[in-house]
Number of protein chains: 2
Amino acid sequence: VRLPTLVAGVDRALTALGTPAEGQVVLLALSGGADSVALLDALCLLRRRRGFHVTAAHLDHRLRPGSGDDAAFCRALCERLGVRLQVGEADVTARVRREGGGIEQAARRERYAFLRRVQREAGAAAIAVAHTRDDQAETLLLHLLRGSGATGLGGMRPRVGSVVRPLLGLSRQEVVAHLRERGLAWREDPTNADPGLLRNRVRHELLPYLEARFNPRLRSGLARTAGLLADEAAYLRAQADALLDRIARPDGDGLVLERSELAHAPAAVARVAIRQALARAGGLARVRAVHVERVLALAGASTPGRLPLPGGREVRYRRGVVRLGPRPAAPAGNESGLGRET
Amino acid sequence: VRLPTLVAGVDRALTALGTPAEGQVVLLALSGGADSVALLDALCLLRRRRGFHVTAAHLDHRLRPGSGDDAAFCRALCERLGVRLQVGEADVTARVRREGGGIEQAARRERYAFLRRVQREAGAAAIAVAHTRDDQAETLLLHLLRGSGATGLGGMRPRVGSVVRPLLGLSRQEVVAHLRERGLAWREDPTNADPGLLRNRVRHELLPYLEARFNPRLRSGLARTAGLLADEAAYLRAQADALLDRIARPDGDGLVLERSELAHAPAAVARVAIRQALARAGGLARVRAVHVERVLALAGASTPGRLPLPGGREVRYRRGVVRLGPRPAAPAGNESGLGRET
């Protein structure tokens, strides 16, 4: 039998990903939206032929009234397809109150923590998430519009550890065509229509404009570029981690880096290393590209100095090392200074 | 005396670039357009204070009638500013006829060959070219719209060898404001208004649209991103060159790479290495990202194979090596095949 187009695409993707192997379990992250419903259907159509098992997990983020209806929808769908479903609930708002940061990031952290838990319980070899080529293209434009540095441009990779994205080479149009053909319903997230969210304006306004005026096949080009940038970002990250292994050591409540090694590393690697060092020494909340550049400039300077960083931290260069750590209680009037040490 | 804003910016850029040193000569590539006229003026205002000498070169590309008027304009301007000017003429159309490729690339090659010659004759330590932040932003968008791979996204670097770009951190708006304030005229290149050229539509349509609808400070964000990508591209190139030094050797009229080393290199490095290998074995004309991906897939395959490449070349994997070279005269019917070797 010939597989429907989308299913054939997922089949090829699973072969390229090399997971799940025969006899293994794949856990699908099911939101109830078009992408994850289509991926669930495709996995179910492939499970016998490829000899793997499918299980699903749905997290109710409780971010809007009626979000419980999505859970009920997922329950009914999974029952019909003969798929075990684990439903969880998260209190994202509480997490944001506790840890700061944006709603979207907090929701993502809750979701992945939940997926990891279900993965352990189900003994799943892989977690499948339903990002498409369109998500890749949109994310790249979004980052560009927000002025993210190059690190932020890197798109999603088809596989990171046990998380796989079998739809990454397929378009949303193919997803919707598949659902229509199969007579499958899905849930529309009402926030996807909110023009106040930049992502929605990129999706509904910018991409159609660019395709009409500049390049009708833009989406696939952007998605390909995002994939290449993701590989580059992964490589730079590995090089930066190796650099930090050589030049960084914990120092009380901070982190100390050998200045000369940092200053002589290629700028592309040094930037990622500084970002990773900041992540270890207090986290990346409110850290922007300009802070990374300032640390880089300080490390490359010919004279010692110090500068303040977000989160009550500072970076200080003296005696051949750069130290990232909490800002010491400053003498009055010096709190915001970029003063050089004398 | 306080320097005009643009001149102060160029002053800071020259300090960061570390060239020209006192007593040295800087050669300006002067087209007669706003950017290069402003840079010439700034360099002349700085030459005494910083103790360097300014000389200029103008190449008449003879691509449109009246291009000689630009040369006359540059002559008059340089005479007034007390700057020696070398004027050259190129036959770009002939070069394209001879070597193939696009007009823009051929013009660029002619221009740099001319600049190198004048640099040698003038004993100039640096060649200054007048690209602005706007050029950076436009180029990045242009590459994205065309669907360039990540390598093509990398922007211009402030310094590559002895070529420096002191205006790269400054905007076209600042350039024009400077010229108006100083009462300096410049030549408009009529092709800059041609909406048939994608670059002009990016400049006059897309960038204003994006700034109005999405991010009023987009241009500087894009330019910053382009600069970061340029550093990353330079790093990847260095890593790829190092990889090729280890695994590539010439083989008759082709190039042979150790397959296993190539297959196990990080994808981000392997892609650049393949591109560089193709450049050495016949050039990059008509080589697109998809060809690089195909070579990468062939090197990673578990069985030998071959595939055709642009320019009458092929890549062949057998006996542990990947060979890039001219396609041998094929048995009839096999010319376009992607056939695997048996």
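Which unit do S1(B), helix H2 (residues 34–50) of chain B and S2(B) make? A right-handed β-α-β unit, and the views below start there. This is a predicted model, in which local features need pLDDT of at least 70, side-chain atom pairs count only at pLDDT 80 or more, and totals for chains, interfaces and linings use all residues. Residues are numbered from 1 along each chain as its sequence is written, chains are lettered from A and ligands numbered from 1 in the order in which they are written, and side-chain values use heavy atoms, with hydrogens and water left out.

**View 1. Strands S1 and S2 of chain B, with helix H2 between them in the unit.** Strand S1 (residues 25–29) runs parallel to S2(B), and five bridges pair the two. Look for B:Val26, whose bridge partner in S2(B) is B:Val54. Helices (H or I, at least four residues) and strands (E, at least two) are DSSP runs, numbered from the N terminus. Strands pair if DSSP finds at least two bridges between them. "Right-handed" means that, with the strands pointing away from the viewer, the path from the first strand over the helix to the second runs clockwise.

**View 2. Strand S2 of chain B and its pairing with S3.** Seven of the eight residues in S2(B) (residues 53–60) are buried, that is, under 20% relative accessible area with a 1.4 Å probe, protein chains only. S2(B) also pairs in the parallel sense with strand S3 (residues 84–89) of chain B, this time over six bridges. Here B:His58 has B:Val87 in S3(B) as its bridge partner. Add helix H3 (residues 67–81) of chain B, and S2(B), H3 and S3(B) give a right-handed β-α-β unit.

**View 3. The open six-strand sheet of chain A.** Read across, the strand order is S3-S2-S1-S4-S6-S5, and the pairing is mixed. Strand S3 (84–89) and strand S5 (159–160) are the edges, each pairing on one side only. Inside the sheet, strand S1 (residues 25–29) and strand S2 (residues 53–60) of chain A run parallel, joined by five bridges. A:Val26 sits opposite A:Val54 in S2(A).

**View 4. Chain A, the setting for that sheet.** Chain A has 13 helices and 11 strands, and its C-alpha trace spans about 75 × 45 × 40 Å along the principal axes. Of its 342 residues, 51% are buried. Contacts here are heavy atoms within 4.5 Å; among those in chain A with a separation of 6 or more, 68% link residues 24 or more positions apart.

Definitions and conventions: Buried means under 20% relative accessible area, exposed over 50%, partly exposed in between (1.4 Å probe, protein chains only).
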